[in-house]
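Work through the exercises below with the model open in your viewer. Try each task before you read its solution.

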Amino acid sequence: MKSYEVNFDGLVGPTHNYGGLSYGNVASQSNSQQSSNPKEAALQGLAKMKALMEMGFQQGVLAPQERPDVAALRRLGFSGSDAQVIERAAKDAMPLLVASCSASSMWVANAATVSPSADTADGRVHFTAANLNCKYHRSIEHPTTSRVLGAMFADQKHFAHHAALPAVAQFGDEGAANHTRFCRDYGQAGVEFFVFGRSAFDTRYPAPQKYPARQTLEASQAVARLHGLGDDGVVYAQQNPSVIDQGVFHNDVIAVGNGEVLFYHEDAFLETDKMLAELQAKLGKRGGNFQSICVPRSQVTVEDAVRSYLFNSQLLSRADGSMLLIVPEECRGNERVWQYLQGLTSSGGLIREVKVFDLKQSMQNGGGPACLRLRVALNQTELAAVNPGVIMTAPLYGTLTQWVDKHYRDRLSENDLADPQLLLECRTALDELTQILKLGAVYPFQIN
Ligand code: SUG
């Protein structure tokens, strides 16, 4: 049976703004307080989805969340009508209002970790929603994420959903941003590669000195257990703490993998040779031929990687077996990175083509092409069981661009977040969206 990697992209929500909320994420910090353009952000994301669909890749869409999250503000003690909750938060605790308005759910690489049915003990596709508990504004995403994923992948015969891990730093889990799967074919058993930033319980592992390591080893191990992955099909590796301190807050800012290939920066990991040997051996036992492409620091520095998001690219397999790299415009703007890419594609290796996308609105908050997508490997039967409303088609693209044009503002600054009208606009838009995507009631305002 044929199998596919389906990319589900996060649709940017109507409150997209630059809140400066992510310490350790250089772009989020340096663009704090700039005014944003939610309409342009959503259209840039949709243009990528459409282009990939037109290139023949399977493409889906993941809905944004209700923001401002009034229920989260109520849990923090703000009371009264919804408008009063927003007004009081704006007056007494603006940072909390900003956090409750973040459209950060667009970076769906952090929504969940997904294991395909070929890897799991019960032969179902497993999802664990990420607790994202390193940052308050992201820690409030997982309940709605779970409902949205449940509405997209509803058939329990094929799909198993796990709640987010315990909401403490020791189980800090950032989902697929620190998870890659290697395989010979999407439908065959593969090797799942979990990259962690620190260990919560074992002091032998070093930790970064400056910025937080968001993913713990113990969280990755818990996800592997929940998904029923065998030891033969799992490799753990530690991210180099010094790159975390240079702004590499997720592994997908310094490495990307697909099929049998890992594309990574020389400084990405600790004990790289041991890790590569384990990947080679384990994938070999599953009939695969593991290959790695190391980008040397002499050609591209860690700073270049963080600024250009070279590794936050989508590495896609084409029908002829070659690969395509989807990179953000910022890669073309960096001379060393662009030169490296020219050399890579003309060297006769596996990666033959680079396609550039303008995702500036998301990039300014530290979200590149790979952050914006959640990969789900599915066989034909499983794909047929996915809610068809969320699979991208030419008509759906048309409907969603019209929906964005109708509901989104083209300018948003911090003061606008205090406008109770924004909440109404957001709810009206999302109510319509759940009908477009056939999701049913998934948002707090639709349920309570
Ligand atoms: O978690 N930025 C996100 C970016 C996530 C990128 N995802 C991956 N690399 N997979 C984060 O740091 C910034 C929000 C703000 O500052 O307004 C933010 O949440």
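## Exercise 1: The ligand site

A backbone N or O atom of G19 sits 2.8 Å from an oxygen atom of the ligand. The model is a predicted one.

**Task.** Find which polar side-chain atoms lie by an oxygen atom of the ligand, then describe the shell around the ligand.

**Solution.**

1. Begin with R214. A polar atom of its side chain lies 2.8 Å from an oxygen atom of the ligand.
2. Go on to R138. An N or O atom in its side chain is 2.9 Å from an oxygen atom of the ligand.
3. Check the cover. On its own the ligand has 490 Å² of accessible area, and the protein covers 100% of it.
4. List the neighbours. The ligand is surrounded by 23 residues. L21, S22, H137, D252 and C371 are the closest.
5. Sort the shell by class. It holds 13 polar, 7 nonpolar and 3 charged residues.

## Exercise 2: The sheet with β9

**Task.** In what order do the strands of the open sheet with β9 run, and which stand at the edges?

**Solution.**

1. Read the order. The 3 strands follow as β9-β10-β11, and the pairing is mixed.
2. Find the edges. β9 (255-258) and β11 (291-295) each have a single partner strand, so one side of each has no neighbour in the sheet.
3. Take the twist. It averages 10° from one strand to the next.
4. Look at one pair. β9 and β10 (residues 261-265) run antiparallel and are joined by 4 bridges. A255 has Y264 in β10 as its bridge partner.
5. Add the helices. α10 (residues 272-285) packs on the sheet and touches β10 and β11. The direction of α10 makes about 170° with that of β10. α13 also lies across β10 and β11, at about 150° to β11.

## Exercise 3: The sheet with β12

**Task.** Which strands form the edges of the open sheet β12-β13-β14, and which helix lies across β12, β13 and β14?

**Solution.**

1. Read the order. This sheet has 3 strands, β12-β13-β14, with mixed pairing.
2. Find the edges. They are β12 (314-317) and β14 (351-357), each paired on one side only.
3. Take the twist. From one strand to the next it averages 25°.
4. Look at one pair. β13 (residues 323-328) pairs with β14 in the parallel sense, over 6 bridges. M323 stands opposite I351 in β14.
5. Place the helices. α2 (residues 38-54) lies across β12, β13 and β14, at about 150° to β14. α13 (residues 335-346) packs on this sheet, where it touches β13 and β14. The directions of α13 and β14 make about 145°.

Terms used. Residues numbered from 1 in each chain as written. Predicted model: local features only at pLDDT ≥ 70, side-chain atom pairs only at ≥ 80, totals over all residues. Heavy atoms only, no water. Pairing = 2+ DSSP bridges. Helix = DSSP H or I, 4+ residues; strand = E, 2+ residues; numbered from the N terminus. Axes fitted to C-alpha atoms, helices over the stretch in contact; angles between N-to-C directions. Contact = heavy atoms within 4.5 Å. Near = heavy atom within 4 Å. Polar contact = N/O pair within 3.5 Å; in protein donor to acceptor, adjacent residues only side chain to side chain. Areas by Shrake-Rupley, 256 points an atom, 1.4 Å probe, with all protein chains shown as cover. Nonpolar A, V, L, I, M, F, W, Y, C, P; charged D, E, K, R; others polar.
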